[in-house]
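Trainee: I'm new to this one and would like to learn how to read a sheet and a helix. Could you walk me through it?

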Amino acid sequence: MLRFVAGSSTREKVLPVVCFMLLLLGIVFVGFSVAAPARAADQQVSGKTADEFDDEFADEYADADQAIADPLEGYNRVMFTFNDRLYFWVLKPVARGYGKVVPEPMRIGVRNFFHNLSAPIRLLNCLLQGKFAAFGGELSRFLLNSTVGVAGLMDPATYDGMKSYDEDFSQTLGFYGMGHGFYLVWPFLGPSSGRGTVGLVADYFTEPLTWICWGDLETGIAVNTGKVVNRTSLSIGAYEDMIKAVLDPYVAVRNAYYQNQLKKVQE
Amino acid sequence: MPERIRIFIVCFMVVLLAFFSVGLSTSTAAEAAAKTPTQQLKAGVDSLIAVLTDQSLKDEAGKKNVEDKVVELFQQHFDLAYTSQMCLGRHWRKLSREERNEFVSLFTDLLKSTYLNRVHEYSGETVKYKKEILRGKKALVKTVVISKGKEIPVDYKMVNRGNGNWQVYDVVIEGVSMVRNYRSQFSSILQKKKFADLLDQIRDKIAQNKAVKDAEKEPQKG
């Protein structure tokens, strides 16, 4: 499994990936206007004038009808249904069984381990966005949790009040002014966008798990499946509630993805 | 499930706590006059946790008691009429008084049918109060809910209803505003259908949720 210790073969494979990353960076810096990133003013309460805020009937959600473009809605709805069935028919029963066998504190430990392991994604994207304080914070967290936290199984950093900075490559692209493009639902992976997809590919190559399992497809799939099952076991019932609360789950998830992305890029 | 759906899921889970906590503020309007939005919010959350952890209410009769109490206070302190108005946007203006009342009542029932039976699944979540931004009659209170070792940012939008009686009208979890989310659904539905159809759709959903709830109860009795 741990092929990366084998050394040379992996190192040879790093080069094309580094080239790929540089290419992506090139796209970011050249292809998209660095000036005036289109930020949604709606979420910034401080941006409102006092008058607007005082007037009860001034509609602070006036811009709420702005949405992500969805030219592939037909395809996306099919994929959404596929993922929905996948959850109810496969993932949920498996995660429930797993949750009955493995105690919750242990599952939280496994989740912490995977989160800690993916620190390079956050570190790299903090740097790419020039967020050096966040970079320092993430690095401290990584070092503390990897040592005192026993390889990341425990999370003493959060206990100490150290915040995690959830940065990824899609946010880096957004930070430099790139728009979402269009909404895109991937089977297994869920809601994404044109920009999100580029981000997913870049993050895949920044994720240490990819390199640990490199060249061993079966191990890679097994480990990633385990990661997802573990994570799902910690939030069974929540997706069901969401479905109950909304009238159109597809539109609700699309809007939540959009809002969440806007917030992440703003931060 | 994929990460982004997961975030959404966690968000909705916390709506429960967010929603009902505010409703539980037991202070009278006079007492509230001296309170800031954060203090009012905190009082509500504290009372909610007290009720949810009350060991004397753990039997079947107690459960019903908890739900009744939550509903009563929720309707008393949460400004759902204003939430409804924000969710419908420009469509709200075209409605008669009766239509508005009917919508608010159905919307309340929808939320109840979704979240009420979940109040018994409280598992030690705690709330940290981070920041308060005041703008005239409105306030934004930023908090973090700690659930199963994970921190979830939850912002409350509140409106002053006189005498410093602050009521919540929107809950924003991980950047996802409940009002905005419903608004996107309602406007998508109202693009193609009439207001009466929207009401029917909400009624169907409530009936569906009740059926699911009853189906879940059956095996427990046997």
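Trainee: Which residue of β2(B) does Y129(B) stand opposite?

Mentor: Keep in mind that this is a predicted model. To read a pairing, go across from one strand to its partner: Y129(B) stands opposite T143(B) in β2(B). Y129(B) itself belongs to strand β1, residues 126-135 of chain B. Strands β1(B) and β2(B), the latter covering residues 138-147, run antiparallel and are joined by nine bridges.

Trainee: In what order do the strands of the sheet come?

Mentor: Read across the sheet, strand by strand. Here five strands of chain B make an open sheet in the order β1-β2-β3-β4-β5, with antiparallel pairing. At the edges are β1 and β5 (176-177) of chain B, each pairing on one side only. Helix α5 of chain B, residues 80-88, packs on this sheet and touches β2, β3 (150-160) and β4 (166-173) of chain B. The direction of that helix makes about 45° with that of β4(B).

Trainee: Is Y129(B) buried, partly exposed or exposed?

Mentor: Look at the relative accessible area, where buried means under 20% and exposed over 50%. Y129(B) has 23%, so Y129(B) is partly exposed. Leaving out residues up to four places away in sequence, Y129(B) touches T38(B), L41(B), K42(B), V45(B), K142(B) and T143(B).

Trainee: How many residues of helix α5 of chain A are buried?

Mentor: Go through the helix residue by residue. In α5(A), residues 119-128, seven of the ten are buried, among them I121(A), L123(A) and L128(A). After α5(A) comes G130(A), with a positive phi near 70°.

Definitions and conventions:
Residues numbered from 1 in each chain as written. Chains lettered and ligands numbered in written order. Predicted model: local features only at pLDDT ≥ 70, side-chain atom pairs only at ≥ 80, totals over all residues. Heavy atoms only, no water. Helix = DSSP H or I, 4+ residues; strand = E, 2+ residues; numbered from the N terminus. Buried < 20%, exposed > 50% of the residue type's maximum accessible area, 1.4 Å probe, protein only. Contact = heavy atoms within 4.5 Å. Pairing = 2+ DSSP bridges. Axes fitted to C-alpha atoms, helices over the stretch in contact; angles between N-to-C directions.
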